[in-house]
Amino acid sequence: MTLSRQLLMLVVALVALLFFGTLLISVHNTRDYLESQLGSHAQDAATSLGLSATSHVAEEDKAMVTAMVNAMFHRGDYLSIRFEDLQGEVLIERVTEVNVEDVPDWFVGLLTLELPQGSATMMSGWRQVGRVLVVSHPGLAYQKLWQTAVQTTRLFLISALLELLVGLVGLRVLLRPLKEVELQAEAICNREFPVVERQPFTLEFRRVVEAMNRLSAKV
């Protein structure tokens, strides 16, 4: 295997390692941020819904509470909304499935998001009348994660392609003195004694060229 090919494979391996490391860090940080946002969103919704529905729960106006839950749930931002009494018995519950558009199923399975549950206790005066539990829908979070992964991958592929092109050109220029030394050695074998005039800027190659020039001059 030629030296240029070995150097090129080394560059590709380093770029690939850097790519996977950056992708993992970027996706991991984005996932942590999105999980935090989902928790805050669920908690805000639970607090708001609990405050607005407390009086209706205390009056046992289930129809009004159901209408409020349906109005919030039909927005599509929540995975589940549940009202419980003090004994934990479910009074009203709405649940939907995790359907994520424009995101591959394997990606959703690979990067499972933890869905924090927001909760709020409903108080009527000093008396507890129930509790509301809310879980935010992770659809938008998965879409954001997928976009982050795709954009990072696209950026690195473009960068890697440019680096490979520059690397190929750079290796050709860098290794050109070796070709000239090879031709000089073959000429010496044929009783010809040329001198390489152009000195390479790489110190190690320059020493080899100077040594070959001295050999050619002495012979």
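## A pocket and a four-stranded sheet

The lining of the largest pocket is a mix: four nonpolar, eight polar and two charged residues. Here, Ala, Val, Leu, Ile, Met, Phe, Trp, Tyr, Cys and Pro count as nonpolar, Asp, Glu, Lys and Arg as charged, and the others, Gly among them, as polar. Keep in mind that this is a predicted model, where local features need pLDDT of at least 70 and side-chain atom pairs 80 or more, while totals for chains, interfaces and linings use all residues. Residues are numbered from 1 along each chain as its sequence is written, and side-chain values use heavy atoms, leaving out hydrogens and water.

So how big is the largest pocket? Its volume comes to about 280 Å³, counted as the space filled by probe spheres set on the grid points. A pocket is an open set of points on a 1 Å grid with protein on both sides within 12 Å along at least five of seven lines, tested with a 1.4 Å probe, and lining residues have an atom within 4 Å of a point. There are 14 such residues around the largest pocket, and Asp77, His137, Gly139, Leu140 and Ala141 sit closest to its centre. Two helices help build the wall: H1 (3-58) and H4 (139-189) each give at least two residues to the lining. Helices (at least four residues) and strands (at least two) are DSSP runs, numbered from the N terminus.

Now for the sheet. Four strands line up in the order E2-E1-E4-E3, making an open sheet with antiparallel pairing. Strand E2 and strand E3 (117-124) stand at the edges with a single partner strand each, so one side of each has no neighbour in the sheet.

Is strand E1 (residues 78-84) mostly covered or mostly open? It's mostly covered, with seven of its seven residues buried, meaning under 20% relative accessible area. E1 pairs with E4 (residues 127-136) in the antiparallel sense over six bridges, and five bridges join E1 to E2 (residues 90-95), again antiparallel. Two strands pair if DSSP finds at least two bridges between them. Here are some of the partners:

| Residue | Bridge partner | Partner's strand |
|---|---|---|
| Ile81 | Arg94 | E2 |
| Arg82 | Leu133 | E4 |
| Glu84 | Arg131 | E4 |

Finally, look at the turn. E1 and E2 form a hairpin with five residues between the strands, and in that hairpin Gly88 takes a positive phi near 85°.

Key
Buried means under 20% relative accessible area, exposed over 50%, partly exposed in between (1.4 Å probe, protein chains only).
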